[in-house]
Amino acid sequence: MKNFEAHEDKILARIDIKHIFNQSIIKYGEEPQCRQAMEECAELIQAINKCIRYPDRKDCHNNLIEEIADVEIMLYQLKVMFNVSDDEVFEVKVQKAKRERERLEKL
């Protein structure tokens with residue numbers, strides 16, 4: 001029963017998270033949220049560079065986690081704003097995975 005409750009809590013949290021970030025699009029507007037997405041991508045690049053330079057620093061790792069979360073949030077918002085479905089994205093990932101597998105097999 002405890003596992004079911006934990007699973008149910010995660011589902012409710014996901015629904016609430018989506019609602020919150022949908023409200024951000026409405027409150028701030030699409031263009032500012034698009035600009036925010038670009039800024040978050042730039043911050044992720046900086047975090048990756050720090051992790052490469054300082055692979056043993058816990059603060060770099062923690063910052064990377066935060067920046068990944070920020071980018072994932074913005075990706076969700078971009079999909080909402082531009083009407084892009086998870087299935088469409090998944091199809092492209094499958095195509096890219098096939099191409100990558102072919103490249104790897106040639107090595």
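The following questions and answers go through a predicted model of one protein chain.

Student: What is the average pLDDT of the chain, and in which helix is confidence lowest?

Tutor: The model is predicted, and pLDDT is the predictor's confidence in each residue, from 0 to 100. The chain averages 93, with 96% of the residues scoring at least 70. Confidence is highest in α2, at a mean of 98, and lowest, at a mean of 82, in helix α1.

Student: Which residues make up the largest nonpolar core, and which elements give two or more residues to this core?

Tutor: The core has six residues: Leu44, Ala47, Cys51, Cys60, Leu64 and Val71. Helix α2 covers residues 30–53, and helix α3 covers residues 58–81. The elements that give two or more residues to this core are α2 and α3.

Student: Which residues does Val71 touch, leaving out those up to four places away in sequence?

Tutor: Val71 is one of the six residues of the largest nonpolar core. Another core member, Leu44, is also among the contacts of Val71. With residues up to four places away not counted, Val71 touches Glu40, Cys41 and Leu44.

Student: Glu40 has come up. How far apart are the C-alpha atoms of Glu72 and Glu40?

Tutor: Glu72 is found in helix α3. Its relative accessibility is 53%, so Glu72 counts as exposed, the cut-off being over 50%. Glu72 and Glu40 are 32 residues apart along the chain, and their C-alpha atoms are separated by 9.4 Å.

Student: How many disulfides does a search of the whole structure find?

Tutor: A disulfide is a covalent bond between the sulfur atoms of two cysteines. The cut-off for the pair of sulfur atoms is 2.5 Å. The number found in the whole structure is zero.

Student: Why is Cys41 in no bond with the closest cysteine, and which cysteine is that?

Tutor: Cys41 is partly exposed, with a relative accessible area of 37%. The closest cysteine sulfur is 11 Å from that of Cys41, which is too far for a bond. That closest sulfur belongs to Cys34.

Student: And Cys51: how far away is the nearest cysteine sulfur?

Tutor: Cys51 is in no disulfide, and a disulfide needs sulfur atoms within 2.5 Å. The nearest cysteine sulfur is that of Cys60, at 5.4 Å.

Student: Is Gln77 buried or exposed?

Tutor: Gln77 lies in helix α3. Its contacts, not counting residues up to four places away in sequence, are Phe21, Ser24, Ile25 and Gln33. The cut-off for buried is under 20%. Because its relative accessibility is 1%, Gln77 counts as buried.

Student: Which backbone oxygen does the side chain of Gln77 reach?

Tutor: The distance is 2.8 Å. The oxygen belongs to a residue of helix α1 that is partly exposed, with a relative accessible area of 22%. That residue touches Ile73, Tyr76 and Gln77, not counting residues up to four places away in sequence. The oxygen is that of Phe21.

Student: How far apart in space are Phe21 and Met74, C-alpha to C-alpha?

Tutor: In sequence, Phe21 and Met74 are 53 residues apart. In space, the separation from C-alpha to C-alpha is 8.7 Å.

Student: How far apart are the C-alpha atoms of His19 and Gln33?

Tutor: The place of His19 is in helix α1, and His19 is partly exposed, with a relative accessible area of 44%. Along the chain, His19 and Gln33 are 14 residues apart. Their C-alpha atoms are separated by 15 Å.

Student: How many salt bridges does the search find?

Tutor: One of them joins the side chains of Glu31 and Arg35, at 2.8 Å from N to O; both residues lie in helix α2, four residues apart, about one turn of the helix. Another pairs Arg57 with Asp59, the closest N and O atoms being 2.7 Å apart. Asp86 forms a salt bridge with Lys79, with the closest N and O atoms 2.5 Å apart. For the whole structure, the number of salt bridges found is four.

Student: What is the phi of Asn83?

Tutor: The place of Asn83 is in the loop between α3 and α4. At 68% relative accessibility, Asn83 counts as exposed. Asn83 is not a glycine, yet its phi is positive, at about 55°.

Terms used. Residues numbered from 1 in each chain as written. Predicted model: local features only at pLDDT ≥ 70, side-chain atom pairs only at ≥ 80, totals over all residues. Heavy atoms only, no water. Buried < 20%, exposed > 50% of the residue type's maximum accessible area, 1.4 Å probe, protein only. Core = buried A, V, L, I, M, F, W, Y, C linked by side-chain atoms within 4.5 Å. Contact = heavy atoms within 4.5 Å. Polar contact = N/O pair within 3.5 Å; in protein donor to acceptor, adjacent residues only side chain to side chain.
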